[in-house]
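Biologist: Got a minute to go through this one with me? I'd like to poke at helices, sheets, salt bridges and cores, in no strict order.

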Amino acid sequence: MNEGLTYFLQQVINGLSCGAIYSMIAIGYSMVYGVLGLINFAHGDLYVFGTFIAYSLIIVLSGMVNPWLLAIVAGCLAGCVGMVIERLAYRPIRKANRMVPMISAFGCAAVLKTISQAVWGPEAISFESLSFLPEGSFMLGNLQVYNRALFIPAVSLAVVIIMQYILNHTKFGLGTRCIMQDSATSNLIGVPSDTIIPLIYFLGGFLGVMGGVLYCSYYGYISIDMGMLGTIKAWAVVMLGGKGSFWGAFFGGLVIGVAEAMAGAYIGTAYRDAVGYIIIVVVLMFRPTGMFGHKKVEKV
Amino acid sequence: MSHFLEVEHLKMYFGGVKAVDDLSFYVDEHELLGIIGPNGSGKTTVFNGVTGIYKPTGGKVIFDGKDITGQSLRNMVYLGISRTFQNLRIFKAMTVLDNIMIGDTKNNHSNLFNAVFHTPRYRKYEEEARQNALEILEMTGLTEYRNKYVGSLPYGMQKRIEFARAVVVNPKLLLLDEPAAGLNSKEAEELMELIIEVKNRKGFTIIMIDHNMKIMMSSAERIVAMETGQLLAEGTPSEIQNDPDVIKAYLGEG
Amino acid sequence: MNMKTLNKFSLSRNKALVAYLIVLLLMIIAPLVIKDAFILRLFTTTYIFSIVCFGNMLVVGYTGMLCLGFVAFYGIGSYAGALAAKELGFGFLLSVLFAGIVAAIVGFVISLPCLRLSVDFVGLITTSFLNIFLAIARNWRSLTGGPNGVTGIPRPVIFGYRIASVTSFYYLMLIFMVLSFILLNNIIHSKYGRMLQGIRDNELGAVSVGVDSRKMKIFAFTVGSLFAGIAGSLYSFYISAINPDNFIFNISTQIMQMCVLGGMGSLPGAVIGAAFFTVVPELYRSLALYRIGLGGIIMVLCMLFRPQGLLGSRAFAGDKGFADRIKRARVVAQQKKAAAK
């Protein structure tokens, strides 16, 4: 293989890893956004909060317990916090003008960020010592493939498949699909929204933390500023992939990851983020419902 | 002879669904035409096709001699057509007066410069617009509510407000989509009386969709009956009432 | 109409006018009474932020478009004004005007994709644009000075009079704020304001009576960014050095907080909100660490108990009020009776 091609493929692989992480975070986001149409501005700060908790748990219990187990615990905790937020800050105003719960979410994001800041400080904290991702690499011809570059997309893919299964083959999933289509009618026919919706938030928070753990492991640090940035990235990925579609979130994340890697390699790291957004805007202009989205028809 | 509004072979297909399937009818000036049909027969879709909310898949709409097929909703007002909606599209967070005054957009000629600096010219146009709105409010019996927020008023009154807004546009043709829906029979009768009174005073032509048979039979001069997107029957109220196809389709309606 | 009813309508208008004049009077005499430079500077900053909030109100509060990256236009105005004064040698007033126009043009361009797409996309596009703006500001060093920004912005000079003292800045910003308020208030209480609110409340309904919603949305965005740009350039002149960190997403959040608290869809509310979020954090300096969190709690409480903020429009009031509940119960009862007949 010639050097140019090697470099290109290297970037693609980097992009896929990074993108798969975006996918994970986006899937968590997609649950709330796809089902309720609520732009969950608190998603990012919640998963950062949860990831911090995972970090602390691991530092305290270092070596004794498998870090992934602790991450799951942290994820559940974050999920519970998500449920509490739903009960207190979203549910009472679910029926109000669209912007009201969104602004409330903004407020919750700010509160979470401040709590994280108060407990763990405003500085970035290193994630290097935590062993979430597999070490090592192997050579594919001239290409160096890190094991983690296979691990992350695999985990992401597994999550999507599991979530898709839950959506299509469980009662919970059925209820979720009902609410997605028409929440008022779902209520009337007895779908237990007040049970399902908190669970959706729980899953959203849990998956978000899983994604957050991967993200921080990959980049080696965690900081409170990741929160809102993460939310916006997740939102962008979900829009690109199509509201309410897990596969959309998955592929959307991959696309953005690869695009950013390309931009970073060939244009310059400065404009990496920007490129992602430009792509999204362009795609949405030609296909407003995203890559896999369904068009919701409003009765006139 | 040409009619005021001619709908010719209108087709509105959405994917596989033929919401309106080769429908033709006409309305003469100053007439009150009623459109009846079971839910899903395509009545509102006809309105949507005529007023440009959806582009017709086929067919033609000719109004006052001009081909207006596929013209956008916004242009309707300038062509002389206004409408009300089945699911009430009034501005609930604004006052009744403001709701009516928005309807006067077409006629209010003040421009941005005038508005920004509140010039005497702007004030003159605003006063004219307000007088116009107040006149319509009086005609529709809403004067005392003019400063109330629409969202706080009862449903029946909101329907009247939407009607008043469609009236202030001063159209030649007025399309009313289920004006009596959700009203009890007394309210529906009162609204119908108001509609007829305004129609006669202003010389409108009206096409009306509704399920309230009593109102339809007593107010409409002619009726078009639809079923599954197609024309079922057409004629005077008594002709429709005695039409065997209509009776078969709607036994018990009303 | 008889004279009695016409007069009744103008009386409520007059009450508002009197209230405005009293507040204005207080603002004018404040520097004569308050000698503390720190407080005067707070007020000055409030006035600048009020103008940004006015612009935000127009786009979000009156037209209902969820514009989350609004601070980008503020930033563009800031840089445009600073560079115009420093590199192009424009005078103060010309720089401010230039900044406003540049911001307005950008706002115009950004508004175009927002027309075809739904509400959510507007939020995403504006946020994306903010990120792009920040990326450019941080990296196009030759133009923007990179992360160090633009420094040494000259003091404003108006008709030979140099503005440098705390008091003169205070009055300068007060004048701009009052002018902006009057102009925007006029627009809102005209047919344009009605059309915008119509689009906010029910876009299809507005279009059905002839409102050109596309043109009006572009209009709102452009005018909103115009004012944001003007505010931005005023800010540049005020603090004489700007850098990209002045315009991060947090600031956009703050602008939202100000508008939300003051009340969406209310210009005086914007001033109150701006004042609150500028002055209060300073009074509680010790809690600076928790500033954002406390602001967040206020937002949540606000949404739970009074979504329309202090003076905001009912369009944002949501389903909370008891009066609404009673009315709705009545309507439901009526419909039940009708169905039973």
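Biologist: Let's start in chain A. What covers the buried residues of α6(A)?

Modeller: Bear in mind that this is a predicted model. The cover includes four helices of chain A: α1 (3–36), α5 (147–169), α7 (183–188) and α8 (193–219).

Biologist: And which residues of that helix are buried?

Modeller: Helix α6 of chain A spans residues 171–181, and A:Phe172, A:Gly173, A:Gly175, A:Thr176 and A:Ile179 are buried there. Looking down the axis of α6(A), you find the buried residues within an arc of 160°, so they line one face of the helix.

Biologist: What's exposed on the other side of α6(A)?

Modeller: A:Lys171 and A:Gln181 are exposed there.

Biologist: OK, switching to chain B. What's the strand order in the open sheet of six strands?

Modeller: The order is β6-β7-β8-β3-β9-β10 in chain B, and the pairing is mixed. At the edges you have β6 (81–83) and β10 (230–235) of chain B, each with a single partner strand, so one side of each has no neighbour in the sheet. From one strand to the next, the twist averages 20°.

Biologist: In which sense do β3 and β9 of chain B pair, parallel or antiparallel?

Modeller: Parallel: β3 (residues 32–36) and β9 (residues 222–227) of chain B pair that way over four bridges. In one of them, B:Gly34 has B:Ile223 of β9(B) as its bridge partner.

Biologist: Which strands does helix α1 of chain B lie across?

Modeller: Helix α1 (residues 43–50) of chain B lies across β3, β6, β7 (173–177), β8 (205–209) and β9 of chain B, and runs at about 145° to β7(B). Helix α6 (residues 155–168) of chain B also packs on the sheet, where α6 touches β6 and β7 of chain B. The direction of α6 makes about 165° with that of β7(B).

Biologist: What about β1(B), which strand does it form a hairpin with?

Modeller: With β2(B), and there are two residues between them. In the turn, B:Gly15 has a positive phi of about 60°. β1(B) and β2 (residues 17–27) of chain B pair antiparallel over eight bridges, and B:Met12 has B:Val20 as its bridge partner in β2(B). β1 (residues 5–14) of chain B is also joined to β4 (residues 58–63) of chain B, antiparallel, by five bridges. There, the bridge partner of B:Leu5 is B:Phe63.

Biologist: Charges next. How many salt bridges does the structure hold?

Modeller: 19 over all chains. One of them is between B:Lys124 and B:Glu128, at 3.9 Å, N to O. Both residues sit in helix α5 (residues 120–139) of chain B, four residues apart, about one turn of the helix.

Biologist: Why would that spacing suit a pair?

Modeller: An α-helix has 3.6 residues a turn, so residues three or four places apart point the same way.

Biologist: Which pair links distant parts of the chain?

Modeller: B:Glu189 and B:Lys214 do: B:Glu189 is in helix α7 (residues 185–202) of chain B and B:Lys214 in helix α8 (residues 213–219) of chain B, 25 residues apart. Their side chains meet in a salt bridge at 3.0 Å, N to O.

Biologist: And B:Glu221, what does it form a salt bridge with?

Modeller: With B:Lys199, the closest N and O atoms being 3.5 Å apart. B:Glu221 lies in the loop between α8 and β9 of chain B and B:Lys199 in helix α7 of chain B, so the pair ties together parts 22 residues apart in sequence.

Biologist: Is B:Lys199 buried or exposed?

Modeller: B:Lys199 is buried, at 7% relative accessible area. B:Glu221 counts as partly exposed, at 39% relative accessibility.

Biologist: Last topic. Which residues have the most contacts inside the largest nonpolar core?

Modeller: A:Phe41, A:Tyr90, A:Trp235 and C:Tyr74, in a core of 201 residues. α8(A) gives the most to this core, with 14 residues. Apart from it lies another core, of 48 residues, including B:Val96 and B:Met208.

Biologist: What does A:Trp235 touch?

Modeller: Leaving out residues up to four places away in sequence, A:Trp235 touches residues of chains A and C, among them A:Tyr29, A:Phe41, C:Leu68 and C:Leu124.

Technical notes. Residues are numbered from 1 along each chain as its sequence is written. Chains are lettered from A and ligands numbered from 1 in the order in which they are written. This is a predicted model: local features need pLDDT of at least 70, side-chain atom pairs count only at pLDDT 80 or more; totals for chains, interfaces and linings use all residues. Side-chain values use heavy atoms; hydrogens and water are left out. Two strands pair if DSSP finds at least two bridges between them. Axes are lines fitted to C-alpha atoms, for helices over the stretch in contact, and angles run from 0 to 180 degrees between N-to-C directions. Contact means heavy atoms within 4.5 Å. Buried means under 20% relative accessible area, exposed over 50%, partly exposed in between (1.4 Å probe, protein chains only). The arc is that of the directions from the helix axis to the C-beta atoms. A salt bridge is a side-chain nitrogen of Lys or Arg within 4 Å of a carboxyl oxygen of Asp or Glu. A nonpolar core is a set of buried Ala, Val, Leu, Ile, Met, Phe, Trp, Tyr and Cys residues joined through side-chain atoms within 4.5 Å.
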